[in-house]
Amino acid sequence: LPSPDGPAPSVSITEIRQYLRAQDIPFHDGYSCLHTPSLFVGDRGDQPLSANAPFTLFIDKTTGSFLCTATLAEGTWQDFQANVEMRLRGISPIPPAKSEEMEEEMRQAREDARCIWERALPLWELLDEKETKETKALFGISQVTNATLKRFGVRYLRTARSLVFPWFSPQDATLKGLKLVRVEKNGGTITYVEETLPRFDSYLNLFGLPLIGRRDTELVLTGWELDALALHQAAGVASLALPRGTSYLPPTLLPYLEQFKRITLWLGEDLRSWEAAKLFARKLSLKRCSLVRPGNLQPRPLEALNQGLNVTKILRSALLASHKSIVSFRQLREEVFGELVNTEQVSGVKWTRFPELNKLLKGHRRGELTIFTGPTGSGKTTFISEYALDLCMQGVCTLWGSFEINNVRLAKIMLTQFAGRRLEDQLELYDEWADRFEELPLYFMTFHGQQNIKTVIDTMQHAVYMYDITHVVVDNLQFMMGHEHISVDR
């Protein structure tokens with residue numbers, strides 16, 4: 001099970017800067033990262049790194065993790081220090097190795113992706129014009145031209161009735177993976193079902209990245225591949241799509257966004273997209289971010305293209321993400337209107353399994369604390385695991401701190417609730433349900449029993465940065481605090 005790895009990293013930005021200066025490593029201060037010449041490129045040995053070398057190694061200011069965009073070497077702050085020490089001793093630095101199992105999984109995913117890619121066809125090469133038109137209409141891309149589809153390399157897989165979006169390596173343009181998107185109609189509602197190779201947690205494609213030029217300084221970041229197509233076609237702007245839409249911006253992608261002086265986040269048309277945009281802007285540095293507010297005349301980019309709206313004008317009206325410490329009502333006026341128009345969405349993410357709970361709590365709302373009490377054995381854990389699972393299945397990134405029962409037992413309860421059946425009686429179905437369960441944005445803290453409160457809070461903050469967590473469950477407070485702390489008001 002993925003778990004935020006131990007407590008938050010203990011390295012601060014000041015310590016990172018001091019270390020780089022002490023080792024004579026030149027660096028620039030970027031928005032989310034520090035930029036340095038790479039240890040893994042060019043001349044090896046005990047020579048100091050040259051300030052004339054390209055600055056292709058990026059160190060995350062929050063966690064100290066690094067990524068070299070030239071060689072794709074990555075690792076923790078401790079890995080970086082170990083490589084610097086090796087270099088000083090005249091030994092060639094070695095990028096931290098991934099596990100053999102992970103390497104094999106990635107290799108298999110690349111192979112599977114290549115087979116699918118070769119079977120997929122460009123949309124304009126389907127049998128007849130009628131099939132092309134019907135397929136475009138199904139995905140709502142009738143207005144998207146063949147030239148745009150060709151530029152972004154979008155194809156269509158007939159057998160799966162899916163659009164195929166490629167993930168090319170920024171290093172050497174080889175195919176690393178794919179995203180397949182198909183349409184499911186249920187009555188009047190249309191849902192888009194996505195599948196990725198490799199699996200979601202390893203799929204880190206900034207769709208459209210190979211088309212970005214070195215001199216591009218402005219970017220529009222979207223939550224969906226089709227929105228990136230629409231933006232490029234309608235406004236001619238550099239646009240990228242995030243791999244997990246509005247639910248997650250992996251920190252490992254931040255180095256690829258460092259070259260942009262201005263980033264506009266236009267993630268979607270509902271309030272969850274707006275909340276996500278504000279969260280991501282903090283990661284990207286508020287001073288360079290602008291946000292497109294969702295609204296009737298500002299739908300998602302593909303919808304704006306289909307309605308014939310002026311996309312460039314909408315981009316110009318984006319609001320600066322950085323707020324001053326004091327604001328007037330005039331600056332809040334639009335936000336207040338947005339809340340009045342979207343009263344349903346403001347009330348939070350509704351539970352699908354607990355309609356009665358929606359009447360009491362109005363849905364899951366950020367910034368709220370809910371406490372459930374009851375005697376031992378009354379079903380608190382069982383209920384809350386289903387309550388959290390319900391939200392998680394709707395894309396709410398969830399962190400569990402289970403201090404009372406261990407993670408294996410908790411995961412077993414949640415998997416049973418997710419599958420809606422006793423898997424111990426049908427073990428042949430285990431892998432199928434486990435694969436689906438693994439794709440949920442669900443993480444577990446690895447603590448058990450009484451813990452130091454600071455360590456727990458640090459771990460939560462680390463998880464929020466790394467995984468964009470918006471819902472934390474603590475089960476239960478008494479176990480986390482230990483009994484001797486009950487008298488102290490925490």
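Me: What makes two helices count as roughly parallel, antiparallel, perpendicular or oblique?
Reply: Angles under 35 degrees count as roughly parallel, over 145 as roughly antiparallel, 65 to 115 as roughly perpendicular, and the rest as oblique. Just so you know, this is a predicted model: local features need pLDDT of at least 70, side-chain atom pairs count only at pLDDT 80 or more, and totals for chains, interfaces and linings use all residues. Residues are numbered from 1 along each chain as its sequence is written, and side-chain values use heavy atoms, with hydrogens and water left out.

Me: Why are α1 and α2 called roughly parallel?
Reply: The axes of helix α1 (residues 13-22) and helix α2 (residues 77-88) cross at roughly 10° and come within 12 Å. Roughly parallel needs an angle under 35 degrees, and α1 and α2 are therefore roughly parallel to each other.

Me: Which residues make the contact?
Reply: Contact means heavy atoms within 4.5 Å. On α1 there are Ile16, Tyr19 and Leu20, and on α2 Trp77, Phe80, Gln81, Val84 and Glu85.

Me: How many disulfides are there?
Reply: A disulfide is a pair of cysteine sulfur atoms within 2.5 Å, and by that rule the count is zero. Take Cys33: the nearest cysteine sulfur, that of Cys68, is 13 Å away, and Cys33 is in no disulfide.

Me: Is Cys33 buried or exposed?
Reply: Buried means under 20% relative accessible area, exposed over 50%, partly exposed in between (1.4 Å probe, protein chains only). Cys33 has 1% relative accessibility, so Cys33 counts as buried.

Me: What is the mean pLDDT of the chain?
Reply: pLDDT is the predictor's confidence in each residue, from 0 to 100. The chain's mean is 86, and 92% of its residues reach 70 or more.

Conventions. Axes fitted to C-alpha atoms, helices over the stretch in contact; angles between N-to-C directions. Helix = DSSP H or I, 4+ residues; strand = E, 2+ residues; numbered from the N terminus.
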